[in-house]
Amino acid sequence: MSDKEGIEVSEAEIAAHWQEEEYFYPPAEFIAQANQTDQAVFDRFRLGNFPECFKEYADLLTWDKYWHTTLDTSNAPSWRWFVGGRINACYNCVDRHLPNHRNKAAIIWVPEPEEEADVALTYQELYVRVNELAALLQDFAGLKAGDRVTLHLPMVPELPITMLACARLGVIHSEVFGGFSGKSCGERIADSGSRILITMDGYHRAGDLLDHKVKSDEAVQVAGNEGQVVDKVLVWRRYPGQYVSKSKMVKGRDFFVDELLPNYLGARIEPVSMPAEAPLFLMYTSGTTGKPKGCQHNTGGYLAYVAGTSKYVQDIHPEDVYWCMADIGWITGHSYIVYGPLSLAATSVMYEGVPTYPDAGRTWRIAERLGVNIFHTAPTTIRMLRKAGPDEPGKYQFQFKHMTTVGEPIEPEVWRWYYHSVGKGKAVIVDTYWQTETGGFLCSTMPAIHPMKPGSAGPGMPGIHPIIYDEDGSVIERGSGKAGNICIQNPWPGGFETIWGDRKRYVSTYYEKYCRNPESKDWRDWPYFTGDAAIQADDGYYRILGRVDDVINVAGHRLGTKELESACLLVPEVAEAAVVPMADDIKGRVPDAYISLKPEYKPSKKIQEAVVAAIETEIGKIARPKRVHIVPDMPKTRSGKIMRRVLAAISDARDIGDVTTLANPEVVEQIRQMVQGDNTETLK
Ligand code: WTA
């Protein structure tokens with residue numbers, strides 16, 4: 001949270017302020033086939049019809065038992081949806097499609113090595129594999145409804161299979177992004193209380209076969225240090241029967257899944273009928289303090305919301321070939337590769353590797369070969385693809401009807417390339433704004449209803465009623481040209497219920513700031529604080545400016561600056577550390593690290609490298625700082641707080657502003673020369 005003295009720097013403060021843009025209109029062919037063309041949807045979902053309006057989404061699912069209470073607010077602000085209802089998420093994503101779509105591809109997986117064949121799993125095949133694994137998880141691993149299990153899996157079909165097998169049993173899965181370090185994984189194992197870790201020996205990335213199993217040894221150890229014993233590590237093999245990791249299998253603890261599965265051939269496990277409000281999964285995300293937050297998403301509400309938004313915003317029909325390029329290790333993959341599309345009987349494409357490997361045409365070759373017609377990715381990938389081969393999409397014969405951008409603001413110029421070159425001028429684009437916590441979209445245009453405006457997400461979704469408050473809680477009106485904190489006035493079914501094991505933090509992070517009465521059980525008293533700054537134009541469209549807290553959005557991935565700073569401080573020579581967001585052409589933002597040394601040490605390349613190594617071990621390679629600046633001292637206020645805002649301005653070569661009130665203004669110029677002069681080295 002940016003405090004009153006304006007000491008912390010936020011992404012919102014360094015946001016680019018784009019001009020108002022022209023509208024682009026959805027093509028007639030798109031409108032003609034769209035799932036939602038009825039403007040009246042906004043009337044049906046108006047606040048006056050809340051919360052009953054969301055029945056429309058819940059009715060997309062197959063319920064074992066219908067609910068009696070649409071929204072239970074008795075434990076405000078932990079909202080419970082469709083209470084009294086019973087449902088199984090796996091049944092909804094798999095079993096119920098068998099009568100009509102048994103032989104249709106549910107998942108098409110594209111391995112990174114181009115010479116390896118795609119794997120197409122029909123709904124029947126998915127059903128069989130999920131059942132057999134569920135039997136293994138139940139009988140061999142002893143998992144039952146309500147248990148947590150940590151997954152540390154890359155982009156392989158075994159990941160959705162494992163998630164769905166958990167969901168079938170009512171087991172709460174917590175998937176940790178494959179790129180995260182063993183240490184990060186271990187902390188999440190401990191926090192969630194998992195005694196089972198499911199991982200893989202290796203996977204392909206940018207031409208390398210990475211050793212992934214090694215991370216599990218560290219993960220188990222870190223979890224153990226925090227008091228969480230892992231009894232079993234289940235190891236999928238990238239090539240069954242062939243082990244590609246150097247890490248030893250620990251006897252009695254580590255088991256190859258492909259060796260165990262034959263014991264469960266033909267097994268069928270009844271989907272466990274879960275209460276609608278039972279947790280489905282945890283997804284950890286970064287926050288203001290060092291400790292990641294386990295966002296708890298519940299079964300009925302979450303599934304209803306992702307099914308509804310997949311149908312009406314992603315415009316998925318069963319006959320579509322839908323490709324979301326996110327990693328399932330993030331919320332986008334959970335909601336819009338696995339649960340949303342599969343609940344609608346779509347064909348969901350998964351790709352193992354890097355979009356530009358081995359060349360800039362790879363993404364478009366996949367789209368062409370599979371006949372993808374709905375495409376979903378993040379601005380960072382769009383920028384990367386554009387840089388690698390601006391004319392490549394034109395060389396391949398694919399035609400998208402619909403494209404999504406998600407996770408960060410997209411520059412209007414990049415948006416236009418996406419529209420003209422990737423969409424070939426014939427696809428609609430939705431710029432979807434949302435968060436790990438929100439489960440599904442908050443703001444976007446409805447693709448067949450609203451015109452698009454490059455750089456703006458659009459209005460609130462049906463049933464989502466955003467509002468912008470200033471710091472004091474006064475409403476900032478649309479069209480005022482002023483930015484403020486974007487909040488949501490009402491709960492919605494996709495929203496998380498709490499932070500796993502830390503309800504206090506849940507309330508203080510998301511609700512304390514604008515709560516009207518902490519005793520209240522009325523949702524109207526509890527606007528949801530997103531942590532983003534936004535501005536609302538005259539036409540009602542929201543433009544998201546970035547985080548107002550200590551979170552950096554790097555290539556669409558959320559990193560807490562505090563997590564990075566504590567990693568720097570593990571290097572014995574480092575006295576103080578400040579990590580700030582720095583603008584980057586491809587990744588949007590990257591972390592730029594400033595450290596000062598304890599008096600007995602001299603700056604050296606070795607120390608810089610140790611800082612980078614510490615960050616990679618603690619968090620993962622994605623958190624690698626752009627540079628590590630060793631500064632003589634940190635710019636500080638008289639009360640001793642580090643002025644990150646000044647450092648961020650230096651990193652971006654922006655105007656530093658008035659620093660005369662600092663305790664040590666002279667150091668600012670020294671740092672500026674160091675950073676902007678030629679004598680700093682970029683770590684590559
Ligand atoms: C940012 C990703 C601008 C925002 C789904 C939010 C966006 C954070 C957009 C959540 C968008 C997400 N335009 N900014 N369309 N979508 N963001 O939890 O700052 O990984 O708070 O969820 O990404 O990131 P998270």
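**Group meeting talk: two sheets, a ligand and a few odd bonds**

Let me start with one pair of residues: valine 235 stands opposite phenylalanine 256, which belongs to strand S12. Valine 235 is a good way in, and we can work outward from there. Before that, a caution: what you have in front of you is a predicted model.

The strands behind that pair are S11, residues 232-236, and S12; they run parallel and are joined by three bridges. For the newer people here, strands of a sheet pair through backbone hydrogen bonds, and the pairing can be parallel or antiparallel. S11 and S12 are part of an open sheet of eight strands, and its order is S12-S11-S8-S6-S7-S14-S15-S23. The pairing in this sheet is mixed. Which strands stand at the edges? They are strand S12, at 254-256, and strand S23, at 498-499. Each has a single partner strand, so one side of each is left without a neighbour in the sheet.

One helix to look at here is H12. H12 lies across strand S7 (172-175), strand S14 (279-285) and strand S15 (293-298), and the angle to S14 is about 145 degrees.

H12 comes back when we turn to the ligand. The ligand has 18 residues around it, and the ones that come nearest are Asp431, Thr436, Asp532, Arg547 and Arg558. Now some distances. A nitrogen atom of the ligand lies 2.8 Å from a backbone N or O atom of threonine 432. With glutamine 435, a polar side-chain atom lies 3.0 Å from an oxygen atom of the ligand. Arginine 547 also places a polar side-chain atom by a ligand oxygen atom, at 2.7 Å. How much of the ligand does the protein bury? Taken alone, the ligand exposes 530 Å², and 97% of that is buried by the protein. The elements giving two or more residues to the shell around the ligand are helix H12 (331-343), strand S20 (428-432) and strand S25 (542-547). So H12, which we met lying across S7, S14 and S15, also gives residues to that shell.

Next, the other sheet. Three strands form an open sheet here, ordered S28-S29-S30, again with mixed pairing. Strand S28 (574-584) and strand S30 (628-630) are the edge strands, and each pairs on one side only. On average, neighbouring strands of this sheet are turned by 25 degrees against each other, if direction is ignored. S28 and strand S29, residues 588-597, run antiparallel, with ten bridges joining them. As an example of one bridge, valine 580 has aspartate 592 in S29 as its partner.

Two helices go with this sheet. Helix H17, residues 561-568, lies across S28 and S29 and runs at about 140 degrees to S28. Helix H18, residues 605-618, packs on the sheet and touches S28, S29 and S30; its direction makes about 135 degrees with that of S30.

Now some backbone details. Where are the cis peptide bonds I want to show you? One runs from phenylalanine 50 to proline 51, with omega near 0 degrees. Proline 51 is in the loop between helix H2 (41-44) and helix H3 (55-58). Another joins alanine 76 and proline 77, with omega about 0 degrees, and proline 77 is in the loop between strand S1 (69-72) and strand S2 (80-83). Then there is alanine 206, which is not a glycine but has a positive phi of about 50 degrees. Alanine 206 lies in the loop between strand S9 (202-205) and strand S10 (208-211).

Last, confidence. The protein chain has a mean pLDDT of 94, and 98% of its residues reach 70 or more. Among the elements, helix H4 (residues 89-93) has the highest mean, 99, and strand S27 (residues 557-560) the lowest, 89. Over residues 1-7, pLDDT stays under 50. Over residues 678-684, the pLDDT is below 50 as well. Where pLDDT is low, the predicted coordinates should not be read in detail.

How values were computed:
Residues are numbered from 1 along each chain as its sequence is written. This is a predicted model: local features need pLDDT of at least 70, side-chain atom pairs count only at pLDDT 80 or more; totals for chains, interfaces and linings use all residues. Side-chain values use heavy atoms; hydrogens and water are left out. pLDDT is the predictor's confidence in each residue, from 0 to 100. Helices (H or I, at least four residues) and strands (E, at least two) are DSSP runs, numbered from the N terminus. Contact means heavy atoms within 4.5 Å. Two strands pair if DSSP finds at least two bridges between them. Axes are lines fitted to C-alpha atoms, for helices over the stretch in contact, and angles run from 0 to 180 degrees between N-to-C directions. A residue is near a molecule or strand if one of its heavy atoms lies within 4 Å of it. A polar contact is a pair of N or O atoms within 3.5 Å; within protein, one must be able to donate a hydrogen and the other to accept it, and residues adjacent in sequence count only if both atoms are side-chain atoms. Accessible areas come from the Shrake-Rupley method with a 1.4 Å probe; for residues, only the protein chains shown count as cover.
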